[in-house]
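Hi everyone, thanks for making time. I'd like to walk you through a structure that's new to most of you, so let's put it up on the screen.

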Amino acid sequence: MTLSTRPELTSPNGVVSSIPTQSQPPVSDEEMRQAVRTLLLGLGEDPDREGLRDTPKRVVKALQFLTGGYRQSLDELLNGAVFTENANEMVLVRDIDIFSSCEHHILPIIGKAHVAYIPNGKVIGLSKIARICEMYGRRLQVQERLTAQIADALQGLLKPQGVAVVIEATHMCMVMRGVQKPGSWTATSAMRGVFAEDARTRQEFMSLIANKSSFH
């Protein structure tokens, strides 16, 4: 498991986003559809046959959905859901479904995220934690970067005592191609503040996510 303690990367307003939001793609949908058509030809297929006639349109639509995080921002996502609260104990949201795409092969990354923070006068709506995971997940990613982005976003937004993120995921680029190892999975972690500095706090978090939930 990777323990990341790299410094925060904050924008002027304190919100972390190492990949900028994209308002307008530099190419049109039609250009993207033509690119998919070219790929089909390169694979030896006939893009004009019945089963593939609408495939370029479907592929473009699917990719736009799966990378929708490029067109989202933390400010829009939060919509003011940060609240002043006199709380200083760990808040943990675990087993958040993660669906992302490997930037090397554009194949799925599927797994779970466990996210915790210790407030320092401010708390965030619990659903927003899952939405932050979703926003960064819906971009072309490597798991290490995804884990750090979620941690840095919460650290920048709330300035809490600390943030901990662990992602456990399987990568289809390892399962379906390459070494072809079904059942393999990867765990990454990013620790900020007291989670990086205090072994007991870190161990409490790791113990909590190690116990299987009974809510399934």
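Let's start with Ser101. Setting aside its neighbours within four places in sequence, Ser101 is in contact with Leu107, Ile109, Gly137, Arg139, Leu140 and Gln141. Before going further, please keep in mind that this is a predicted model.

So where does Ser101 sit? You'll find Ser101 in strand β3. And is Ser101 buried or exposed? Its relative accessibility is 9%, and the cut-off for buried is under 20%, so Ser101 counts as buried.

Now let's follow the strand itself. β3 covers residues 91-102, and it pairs with β4 in the antiparallel sense, over nine bridges. To pick out one place along that pairing, look at Leu92: its bridge partner in β4 is Ala116. The two strands make a hairpin, with five residues between them. In that turn, have a look at Ile106, which has a positive phi of about 50 degrees.

On to β4, residues 108-118. Eight of its eleven residues are buried, so the strand is largely enclosed by the rest of the structure. β4 has another pairing too: which strand is involved, and over how many bridges? That would be β7, residues 162-171, again antiparallel, over ten bridges. If you want a spot to find by eye, Lys112 stands opposite Glu168 in β7.

Okay, helices. α5 runs over residues 143-158, which makes 16 residues. From first C-alpha to last it reaches 23 Å, close to the 22 Å expected at 1.5 Å a residue. How many of those 16 residues are buried? The count is 14, so α5 is largely enclosed by the rest of the structure. Just after α5 comes Lys159, and there we get a positive phi of about 45 degrees.

Last stop is Leu78, which is found in helix α3, residues 74-78. Leu78 has a relative accessible area of 6%, so this residue is buried. What does Leu78 touch, leaving aside its neighbours within four places in sequence? Its contacts are Ile124, Lys128 and Leu157. One more pair to look up: Leu78 and Ile129 are 51 residues apart along the chain, and their C-alpha atoms are separated by 9.3 Å.

To recap, β4 pairs with β3 over nine bridges and with β7 over ten, while Ser101 and Leu78 are both buried. That's my tour, and I'm happy to go back to any part of it.

Notes:
Residues are numbered from 1 along each chain as its sequence is written. This is a predicted model: local features need pLDDT of at least 70, side-chain atom pairs count only at pLDDT 80 or more; totals for chains, interfaces and linings use all residues. Side-chain values use heavy atoms; hydrogens and water are left out. Helices (H or I, at least four residues) and strands (E, at least two) are DSSP runs, numbered from the N terminus. The expected span of a helix is 1.5 Å times one less than its number of residues. Buried means under 20% relative accessible area, exposed over 50%, partly exposed in between (1.4 Å probe, protein chains only). Two strands pair if DSSP finds at least two bridges between them. Contact means heavy atoms within 4.5 Å.
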